[in-house]
Amino acid sequence: MDETIINMTDQTPPDHLLTGFHSRNSLPHLKREGATYFVTFRQAGTLPKAVLIRFKKEREAILQRAVAEKRPLTWHEQKELFQWYSSRVDQYLDCGYGTCHLRRPDVAALVAKALCYFAGQRYQLQAWVIMPNHVHAVVRPMPGHTLSQILHSWKSYSAHQINALLSLKASPFWQKESYDHLIRDEDDLLHCYSYTVMNPVKAGLCSVPEAWPWSSAHA
């Protein structure tokens, strides 16, 4: 992996990225040191502008109180946001709109390499799946590393490699903001794990999770 990407996570992270509340692009994020997260990042351009605007309005209706009060999401708000995300955004992504570069085995292999490269060193990767236009992962940052750094490393390295492979010259490969959900307990962890590995089955891409080649269930 490129040395610049390797060194990117060797800096001391700000405290608010380890534990507490911070806001990025109007979406409040709650971090807890030692916690596990369900994360999603998607290709840029997979949501048409009109759909994106509608989804943002729906999301703001759920989050407006937390944003206004500059506080972390409550557990109830986190569950509400997760349910909204899975039933609206992820359901739309599973339909395969947009240019689904991740459907190509060589592209998916690059993303899988990025996900697994530092597993066991900088994070515990408990589940992952690469869909035709987005990625899910259940990840636990190890001490000294933050979720933000890990996501940045995954996306930066894979985008550089994919753009070179496909000779893409246009806009960024990945959508700038990722979705993350702080996993609260064992039941929530089990739900997020199942949600991740079952996504290809739910989307009609395979009959059992082990049959999807770009997944921790298969690996």
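1. Overall make-up. The protein chain holds seven helices and six strands. The model is a predicted one. Read from the N terminus, the order of elements is α-α-β-β-β-α-α-α-β-β-α-β-α. The chain has 219 residues, and 49% of them are buried. Take the contacts with a separation of 6 or more: 69% of these join residues 24 or more positions apart.

2. Helix H4, length. H4 covers residues 75-93, which makes 19 residues. At 1.5 Å a residue, a span of 27 Å is expected. The C-alpha atoms at the two ends are 25 Å apart, so the model agrees with the expected span.

3. Helix H4, bend and burial. H4 is bent by about 35° at Tyr85. Tyr85 is also one of the buried residues of H4. The rest of the buried set is Glu77, Gln78, Leu81, Phe82, Trp84, Ser86, Val89, Asp90, Tyr92 and Leu93. Note that Glu77 and Asp90 are on this list.

4. H3 against H4. Helix H3 spans residues 49-69. Its axis and that of H4 come within 10 Å and cross at roughly 175°. An angle over 145 degrees counts as roughly antiparallel, and H3 and H4 are therefore roughly antiparallel to each other. From H3, the contact residues are Val51, Arg54, Phe55, Glu58, Arg59, Ile62, Leu63 and Ala66. They meet Glu77, Glu80, Leu81, Trp84, Arg88, Val89 and Tyr92 of H4. Several of these H4 residues also appear among the buried ones, including Leu81, Trp84 and Val89.

5. H5 against H6. How do the axes of these two helices cross? H5 (residues 105-116) and H6 (residues 147-166) have axes that come within 9 Å and cross at roughly 155°. This pair, too, is therefore roughly antiparallel. The crossing of H5 past H6 is right-handed. On the H5 side, Asp106, Val107, Leu110, Val111, Lys113, Ala114 and Leu115 make the contact. On the H6 side, the partners are Trp154, Tyr157, Ser158, Gln161, Ile162, Leu165 and Leu166.

6. Val135. Is this residue buried or exposed? Val135 is in strand S5, residues 134-141. Its relative accessible area is 0%, so Val135 is buried. Setting aside neighbours within four places in sequence, its contacts are Val39, Thr40, Phe41, Leu102, Val111, Leu115, Val129, Ile130 and Trp174. Two of these, Val111 and Leu115, are also H5 residues in the contact with H6. Gln43 lies 92 residues away from Val135 along the chain, yet their C-alpha atoms are separated by 8.8 Å.

7. Ser167. This residue sits in the loop between H6 and strand S6 (179-182). Its phi is near 55°, a positive value in a residue other than glycine. Check that backbone angle when you view the loop. With a relative accessible area of 53%, Ser167 is exposed, because the cut-off for exposed is over 50%.

8. Ser171. The loop between H6 and S6 also holds Ser171. Ser171 is exposed, at a relative accessible area of 55%. Which residue far off in sequence lies 8.0 Å from Ser171, C-alpha to C-alpha? That residue is Ala44, and 127 residues separate the pair in sequence.

Terms used. Residues are numbered from 1 along each chain as its sequence is written. This is a predicted model: local features need pLDDT of at least 70, side-chain atom pairs count only at pLDDT 80 or more; totals for chains, interfaces and linings use all residues. Side-chain values use heavy atoms; hydrogens and water are left out. Helices (H or I, at least four residues) and strands (E, at least two) are DSSP runs, numbered from the N terminus. The expected span of a helix is 1.5 Å times one less than its number of residues. The bend at a residue is the angle between axes fitted to the seven residues ending there and the seven starting there. Buried means under 20% relative accessible area, exposed over 50%, partly exposed in between (1.4 Å probe, protein chains only). Axes are lines fitted to C-alpha atoms, for helices over the stretch in contact, and angles run from 0 to 180 degrees between N-to-C directions. Angles under 35 degrees count as roughly parallel, over 145 as roughly antiparallel, 65 to 115 as roughly perpendicular and the rest as oblique. A crossing is left-handed if the near helix is turned anticlockwise from the far one by less than a right angle, and right-handed if clockwise. Contact means heavy atoms within 4.5 Å.
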